[in-house]
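Here's a quick tour for anyone meeting this one for the first time. Have a look at the structure, then walk through the notes below.

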Amino acid sequence: MEMDSSGNSDDNQFFMESFTREDKKKRYEVLKSIGVKEFIEDGSIWVDMKTCKGIGCQLCINACPTYALYWRAFPGEIAIIKEICIFCTACVWNCIVDDCIQVSRKRSNGEIERFRNPREVLKLLHSIDSNKLVERTKTRVPKVQLF
Ligand code: SF4
Ligand code: SF4
């Protein structure tokens, strides 16, 4: 299954999709074959071709760790192979245009995260780092009340 990018920017189009059981199996097998063992299972990705800088940019393609993005010569746009997108947000982090690539993903605890620009990715990275720091400190100094 391949998901095209679209030129229609509309919030209603940016929804969380669910993979069918068969999709999930195929996805697991394909990702395993390229060495990816852990990944976020559910999510969606969408590229706004109206604001994308096109073939002269391709920063998202170069940043994608699973080669899920590529430049499709006809009609001339970024294309996405959805099965191998792991919703890592590296493309959003590298995109030079806000809201051009939009990634939404569902954590194993059911929490939905959405990313439309590098600032939103950075915010998540900071929060992960802070949480790790708190956990590390708690482990090393278990009796101290941190907050
Ligand atoms: S979210 Fe990650 S895996 Fe998916 S297209 Fe972007 S860079 Fe590639
Ligand atoms: S990084 Fe953004 S602007 Fe550049 S090609 Fe990819 S989607 Fe388009």
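Start with valine 47, whose bridge partner in S4 is isoleucine 101. That pair belongs to the link between S1 and S4, which run antiparallel and are joined by 6 bridges. Keep in mind that this is a predicted model, then use the points below to fill in the rest.

**The three-stranded sheet**

- S1, S4 and S5 make an open sheet, in the order S1-S4-S5, with antiparallel pairing.
- Strand S1 (42-47) and S5 sit at the edges with a single partner strand each, so one side of each has no neighbour in the sheet.
- On average, neighbouring strands here are turned by 10 degrees against each other, if you ignore direction.
- Being at an edge doesn't leave S1 out in the open: 5 of its 6 residues are buried, so the rest of the structure largely encloses it.
- On the other side of S4 (residues 101-106), 4 bridges tie it to S5 (residues 112-115), and these two strands also run antiparallel.
- Two of the facing pairs are worth finding: valine 103 stands opposite phenylalanine 115 in S5, and serine 104 stands opposite arginine 114 in S5.
- As a rule, side chains in a regular strand alternate between the two faces of the sheet.
- The hairpin of S4 and S5 has 5 residues between the strands, and glycine 110 there takes a positive phi near 90 degrees.

**The other strand pair**

- Strand S2 (residues 69-72) pairs with S3 over 4 bridges, in the antiparallel sense.
- Which residue of S3 does tryptophan 71 face? Its opposite number is isoleucine 78.
- This hairpin has 4 residues between its strands, and glycine 76 has a positive phi near 90 degrees.
- Proline 75 is in the loop between S2 and S3, and the peptide bond joining phenylalanine 74 to proline 75 is cis, with omega about 10 degrees.

**The overall layout**

- In total you'll find 4 helices and 5 strands.
- Following the sequence, they come in the pattern α-β-α-β-β-α-β-β-α.
- The protein has 147 residues, and 21% of them are buried.
- Take the contacts between residues at least 6 apart in sequence: 65% of them join residues at least 24 apart.

**The nonpolar core**

- The largest nonpolar core has 23 residues, and Ile45, Val47, Cys60, Leu69, Cys91, Val92 and Ile101 have the most contacts inside it.
- S1, S3, H3 and S4 are the elements that give two or more residues to this core.
- Cysteine 91 is a handy place to zoom in: leaving aside neighbours within four places in sequence, it is in contact with Cys60, Ala63, Cys64, Leu69 and Ile101.

**The two ligands**

- Ligand 1 is surrounded by 14 residues, the closest being Cys64, Cys85, Cys88, Ala90 and Cys91.
- What kinds of residues make up the shell around ligand 1? There are 12 nonpolar, 2 polar and no charged ones.
- Ligand 2 also has 14 residues around it, and the closest are Cys52, Lys53, Cys57, Cys60 and Cys95.
- The shell around ligand 2 splits into 11 nonpolar, 2 polar and 1 charged residues.

**Loop residues to look at**

- Threonine 89 is in the loop between strand S3 (77-80) and helix H3 (90-94).
- Buried or exposed, what is threonine 89? It counts as buried, because it has 23 C-beta neighbours inside 10 Å.
- Not counting residues up to four places away in sequence, threonine 89 touches Val103, Phe115 and Val121.
- Threonine 89 and glutamate 120 are 31 residues apart in sequence, with their C-alpha atoms 9.8 Å apart in space.
- Glutamine 58 lies in the loop between S1 and helix H2 (59-63), and has a positive phi of about 60 degrees although it isn't a glycine.
- With 16 C-beta neighbours inside 10 Å, glutamine 58 counts as partly exposed.
- Tyrosine 67, in the loop between H2 and S2, has a positive phi of about 60 degrees, and it isn't a glycine either.
- Tyrosine 67 is exposed, with 11 other C-beta atoms within 10 Å.

Notes:
Residues numbered from 1 in each chain as written. Chains lettered and ligands numbered in written order. Predicted model: local features only at pLDDT ≥ 70, side-chain atom pairs only at ≥ 80, totals over all residues. Near = placed C-beta within 6 Å. Nonpolar A, V, L, I, M, F, W, Y, C, P; charged D, E, K, R; others polar. Pairing = 2+ DSSP bridges. Buried ≥ 20, exposed ≤ 12 C-beta atoms within 10 Å, placed from the backbone. Contact = placed C-beta atoms within 7 Å. Axes fitted to C-alpha atoms, helices over the stretch in contact; angles between N-to-C directions. Core = buried A, V, L, I, M, F, W, Y, C linked by C-beta atoms within 7 Å.
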